[in-house]
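Here is a friendly walk through one chain, meant to be read with the structure open beside it. Let us start where helices meet and work outwards from there.

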Amino acid sequence: MIAAPPPQSTRAAILVPFAIVTLIWGSTWLVIRDQLAVVPPSWSVTYRFIVAGVAMAVAAKAKGERFDLDARGWAFAAAIGVLQFCLNFNFVYRAEHYITSGLVAVVFAMLLVPNALFARIVLGQRMGGQLIAGSAVAMAGIALLFLHEARTGPTGASATWAGIGFTALAILAASTANVLQATPTARAYPMTATLAIAMLLGAGIDGGIAWWLTGPPVVEMRGAYWAGILYLGLVASALAFPLYYRVLRVIGPAKAAYSSVIVPVIAMLLSTLFEGYRWSPLAAAGAALAGVGLVIALRARRPNR
């Protein structure tokens, strides 16, 4: 009797990029937090995606991808630019003005819910029983992490809810972009060139919003600031987004969103190393449950039914 092949989502071709993206994005919250002192958030987002868009354009040119999209391709790139590279990140950066980076990361783990819902509505994908079970365990862990962060956060109730509100708006924008990436339209165009256009369009809109809200560009000459821009633009965007979207197209938006479930755990581990974060029993239990739920869900044999 021939043994059944391993679930598609446990193969190295999926797990390796999934792990890389999760580790990278788990580190971005600390970097973003460092950029909020002098430069208005919208200008920092603009600089990030100028760097990312140029890097993606160079990569697309090296791969021989064409930039001559038709009208539908330009509309798709513009939608991704607005949703993923403008609204999502502008809301995230503003959320970190009100609440800690750890709490933003924890709330953002709820991306799993709209991803699964929109995938059902738009793509007709249904979550299997194992994926639902893993989601339930992971959400219980996220709830414990959220409770811990909300209890220990230094901001008041009104600021906390403002930060959560901005994060929720970011989640909706990111989730819509995620589901668009799983449609046949996304597969019809070269990914690297399309993402380059989307990032540059997003950067242009970011710059317009920044000028409208805060005036001309603000430049901080601190070396750590520009090192952060390069890291966020080249590593966390130009490298991570293509990897994430390739995984998403294989395993579906719901399972791909599990990167956001484990990201807050990584963010807290890094905060332990660099910010003196102290783990409570509640936070440790939440992190453990999130990890168990991730393992259960990613071992589901299919991303949908």
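## How the helices meet

Helix 3 and helix 10 are oblique to each other, because their angle of about 130° falls neither over 145 degrees, the mark for roughly antiparallel, nor within the 65 to 115 degrees of roughly perpendicular. Their axes lie 14 Å apart, and the crossing is right-handed. On the helix 3 side the contact is made by Ile-80, Gln-84, Phe-85, Phe-89 and Tyr-93, while helix 10 brings Leu-232, Phe-241 and Tyr-245. Please keep in mind throughout that this is a predicted model.

Helix 9 (residues 191-214) also packs against helix 3. The two axes come within 7 Å and cross at roughly 50°, which makes helix 3 oblique to helix 9. This crossing, too, is described as right-handed. Many residues take part: Trp-74, Phe-76, Gly-81, Phe-85 and Arg-94 are among those from helix 3, and the helix 9 side includes Thr-194, Leu-195, Met-199, Asp-206 and Leu-213.

Helix 9 meets helix 10 as well, at an angle of about 125° and with the axes 11 Å apart. That makes helix 9 oblique to helix 10, and their crossing is right-handed. Here Met-191, Thr-192, Leu-195 and Met-199 of helix 9 meet a set of helix 10 residues that includes Ser-237, Phe-241, Pro-242 and Arg-249. Leu-195 and Met-199 of helix 9 thus appear in the contact with helix 3 and in the contact with helix 10.

The three packings can be set side by side:

| Helix pair | Angle | Axes |
|---|---|---|
| Helix 3 and helix 10 | about 130° | 14 Å apart |
| Helix 3 and helix 9 | roughly 50° | within 7 Å |
| Helix 9 and helix 10 | about 125° | 11 Å apart |

## Aromatic rings between helices

How many aromatic pairs does a search of the whole structure find? The search finds 14. One of them joins Phe-85 and Phe-241, whose rings are edge-to-face, with 5.1 Å centre to centre and 85° between the planes. Phe-85 lies in helix 3 (residues 71-98) and Phe-241 in helix 10 (residues 223-251), so the pair ties together parts that are 156 residues apart in sequence. Both rings belong to buried residues. Phe-85 and Phe-241 are also members of one aromatic cluster, together with Trp-25, Phe-49, Phe-89, Tyr-244 and Tyr-245.

## Three residues to look at

Is Gln-84 buried or exposed? Gln-84, which lies in helix 3, is buried, because its relative accessible area of 3% is under the 20% cut-off. Setting aside neighbours within four places in sequence, Gln-84 is in contact with Phe-89, Ala-174, Ala-177, Asn-178, Phe-241 and Tyr-245. Among these partners, Phe-89, Phe-241 and Tyr-245 belong to the aromatic cluster.

Ser-271 sits in helix 12 (residues 258-274). Ser-271 is buried too, with a relative accessible area of 9%. Trp-29 is 242 residues away from Ser-271 in sequence, yet the C-alpha atoms of the two are 9.5 Å apart in space.

Leu-123 belongs to helix 5 (residues 112-123). Leu-123 counts as partly exposed, because its relative accessibility of 26% lies between the 20% and 50% cut-offs. Beyond four places in sequence, Leu-123 is in contact with Phe-118, Val-179, Ala-182, Thr-183 and Pro-253. Ala-182 is 59 residues from Leu-123 in sequence, with 8.0 Å between their C-alpha atoms.

## The chain as a whole

Stepping back, the secondary structure comes to 13 helices and zero strands. Of the 305 residues in the chain, 52% are buried. Among contacts with a separation of 6 or more, 91% involve residues 24 or more positions apart. The pair of Phe-85 and Phe-241, at 156 residues apart, is one example of parts joined over a long stretch of sequence.

How confident is the predictor, and where does its confidence stay under 50? The mean pLDDT of the chain is 82, and 86% of residues reach 70 or more. Over residues 1-7, pLDDT stays under 50. For that stretch the model has eight contacts beyond four places in sequence.

Definitions and conventions:
Residues numbered from 1 in each chain as written. Predicted model: local features only at pLDDT ≥ 70, side-chain atom pairs only at ≥ 80, totals over all residues. Heavy atoms only, no water. pLDDT = per-residue confidence, 0-100. Contact = heavy atoms within 4.5 Å. Phe/Tyr/Trp six-rings, centres within 6.5 Å; stacked < 30°, edge-to-face > 60°. Helix = DSSP H or I, 4+ residues; strand = E, 2+ residues; numbered from the N terminus. Buried < 20%, exposed > 50% of the residue type's maximum accessible area, 1.4 Å probe, protein only. Axes fitted to C-alpha atoms, helices over the stretch in contact; angles between N-to-C directions. Parallel < 35°, antiparallel > 145°, perpendicular 65-115°, else oblique. Left-handed = near helix turned anticlockwise from the far one by under 90°.
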